[in-house]
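Trainee: I have a model open and want to learn how to read its features. Where do we begin?

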Amino acid sequence: MVEPHPFRFGVQASSAPDRRSWIELAKDVEGRGFDVLAIPDHFDDQLAPVPALMAAASATTELRVGALVWDNDFKHPVVLAKELATMDLLSDGRVEIGIGAGWERSDYDSSGIPYDRAGIRVDRFIEAISIIKGHFAEGGFSRKGSYYNVTDLDGLPKPVQRPHPPILIGAGGPRMLRIAAREANIVGINPTLTAGIVDESVIASMSSSAVAAKIDIVRQAAGDRMADIELNIRTFTVSIEDTVERAIDAVQAHLPRPVPPAFLLDSPFALIGPPSKLIEDLLERREKWGLSYVIVGPENIESFAPVVEALNGR
């Protein structure tokens with residue numbers, strides 16, 4: 001049996017109206033005991049990940065920073081690797097590398113970046129991961145592939161964390177889950193996002209049975225590596241009230257149409273109820289599925305802090 005990883009907690013935030021607000025958020029995240037501040041990578045009104053994360057790291061002392069997740073198609077992997085290594089150096093080794101193959105169709109349509117079929121995006125992602133790891137390794141390296149060609153490149157600077165900062169691969173489909181199991185230090189369990197939009201199929205893929213099936217794929221593909229893999233989930237629905245009933249009512253009020261309460265209470269992508277119930281649910285989910293690294297939204301920082309205090313590092 002694989003020994004469970006200690007709990008870690010993060011916050012995924014995307015924007016702030018000014019520098020002061022962003023720095024205050026980063027300090028609040030750190031001060032309330034969260035381990036990580038993460039940012040998505042989209043072409044909407046969010047901040048650009050690299051400068052925003054570097055600003056957050058510079059304003060804190062222990063907070064780890066990373067994207068959830070960088071879209072591989074937005075930057076050449078040599079460019080991204082150099083930025084990541086520089087961030088790790090300048091933050092004294094506090095970077096986590098979250099990366100995926102890209103999924104949201106609107107990002108590609110608005111930017112003009114070609115939205116290739118999923119298989120091509122994943123093929124390109126596999127090559128990119130190899131290049132990023134090669135960039136971090138000692139000495140020069142070369143890679144010749146279908147999408148990238150790197151010749152005698154000694155990637156500098158090298159990151160502080162060796163052999164490289166922890167790599168989180170976000171994955172929802174079977175192929176990406178298997179790749180993550182082979183290549184990542186942290187596997188982010190995602191909904192299935194092959195449609196390129198959030199539709200009914202995405203909601204269905206957030207059920208407990210769907211998550212269990214995804215984690216089974218990871219375990220089978222990881223083999224002996226599984227003991228070293230941290231399993232992550234971004235909980236999109238967090239409602240903390242003094243009773244479960246009030247928490248469910250609060251969630252339903254913000255949904256386009258009602259979702260069965262049993263689905264909400266059972267989904268690993270949701271945390272609903274008073275803090276005592278959330279603590280029990282997280283302990284149960286770690287025991288059942290191995291999920292130990294949980295990320296919430298900025299709106300949950302204060303209300304979720306008692307859960308972080310009770311479980312972080314445990």
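**Reading the model, feature by feature**

Mentor: The largest cavity has a volume of about 50 Å³. Keep in mind that this is a predicted model.

Trainee: How is such empty space found, and how many cavities of 30 Å³ or more does a search of the whole structure give?

Mentor: The general idea is simple. Rolling a probe the size of a water molecule over the atoms shows where empty space is left. Here the search finds 2 cavities of 30 Å³ or more.

Trainee: Which residues line the largest cavity?

Mentor: Val 36, Ala 38, Gly 66, Ala 67, Leu 68, Glu 96, Gly 98, Leu 168, Tyr 293 and Ile 295 do. Next, look at the elements. Strand S2 (36-39), S3, S5 and S13 each supply at least two residues of that lining. By class, the lining has 7 nonpolar, 2 polar and 1 charged residues.

Trainee: And what is the volume of the second largest cavity?

Mentor: About 40 Å³. Its lining consists of Asp 41, Trp 70, Asp 71, Asn 72, Phe 74, Lys 75 and Leu 80. The classes are 3 nonpolar, 1 polar and 3 charged.

Trainee: Now an open space. What volume does the second largest pocket have?

Mentor: About 190 Å³. It is lined by 13 residues, and the closest to its centre are Val 2, Pro 4, Arg 219, Arg 286 and Gly 290. H11 gives the most to this lining, with 3 residues. The lining divides into 7 nonpolar, 2 polar and 4 charged residues.

Trainee: Let's turn to the backbone. Where do I find cis peptide bonds?

Mentor: Check omega. The bond from Leu 68 to Val 69 is cis, with omega near -10°. Val 69 sits in the loop between strand S3 (64-67) and strand S4 (70-71). Recall that Leu 68 also helps to line the largest cavity. Another cis bond runs from Arg 162 to Pro 163, with omega near 5°. Pro 163 belongs to the loop between strand S7 (149-153) and strand S8 (167-171).

Trainee: Which residues should I check for positive phi?

Mentor: Take Asp 92. Its phi is near 60°, a positive value in a residue other than glycine. Asp 92 is in the loop between helix H3 (77-90) and strand S5 (95-100). Asp 152 is another non-glycine case, with a positive phi of about 50°. Asp 152 lies in strand S7. A glycine case is Gly 313, just after H12, with a positive phi of about 80°.

Trainee: Are Asp 92 and Asp 152 buried or exposed, and why?

Mentor: Use the cut-off: exposed means over 50% relative accessible area. Asp 92 has 66% relative accessibility, so it counts as exposed. Asp 152 is exposed because its relative accessible area is 66%.

Trainee: How does S7 pair with its partner, strand S6?

Mentor: Strand S6 (residues 141-144) and S7 run antiparallel and are joined by 3 bridges. One pair to pick out is Arg 143 with Val 150 in S7. S6 and S7 form a hairpin, with 4 residues between them.

Trainee: What comes before S6, in the loop after helix H5?

Mentor: Gly 139 is in the loop between helix H5 (118-136) and S6. With a relative accessible area of 30%, Gly 139 is partly exposed. Gly 139 and Asp 152 are 13 residues apart in sequence and 9.0 Å apart in space, C-alpha to C-alpha. Beyond its neighbours within four places in sequence, Gly 139 contacts Leu 153, Asp 154 and Lys 158.

Trainee: How do I read the buried side of a helix?

Mentor: An α-helix has 3.6 residues a turn, so residues three or four places apart point the same way. In helix H12 (residues 301-311), the buried residues are Ile 301, Phe 304, Ala 305, Val 307, Val 308 and Leu 311. They pack against strand S1 (8-12), helix H1 (19-31), strand S12 (270-272), helix H11 (275-289) and strand S13 (291-296).

Trainee: One last residue. Is Thr 60 buried or exposed, and why?

Mentor: Buried means under 20%. Thr 60 has 6% relative accessibility, so it counts as buried. Thr 60 is in the loop between helix H2 (49-58) and S3.

Trainee: What does the side chain of Thr 60 make polar contact with?

Mentor: A polar atom of that side chain lies 2.9 Å from the backbone oxygen of Ala 56. The side chain of Thr 60 also makes a polar contact with the side chain of Arg 94, at 3.1 Å. Leaving aside neighbours within four places in sequence, Thr 60 is in contact with Ala 26, Lys 27, Glu 30 and Arg 94.

Terms used:
Residues numbered from 1 in each chain as written. Predicted model: local features only at pLDDT ≥ 70, side-chain atom pairs only at ≥ 80, totals over all residues. Heavy atoms only, no water. Buried < 20%, exposed > 50% of the residue type's maximum accessible area, 1.4 Å probe, protein only. Pairing = 2+ DSSP bridges. Contact = heavy atoms within 4.5 Å. Polar contact = N/O pair within 3.5 Å; in protein donor to acceptor, adjacent residues only side chain to side chain. 1 Å grid on protein atoms, 1.4 Å probe; cavity = no way out; pocket = protein on both sides within 12 Å on 5 of 7 lines; lining within 4 Å. Points joined across faces, edges and corners; volume = space filled by probe spheres on them. Nonpolar A, V, L, I, M, F, W, Y, C, P; charged D, E, K, R; others polar.
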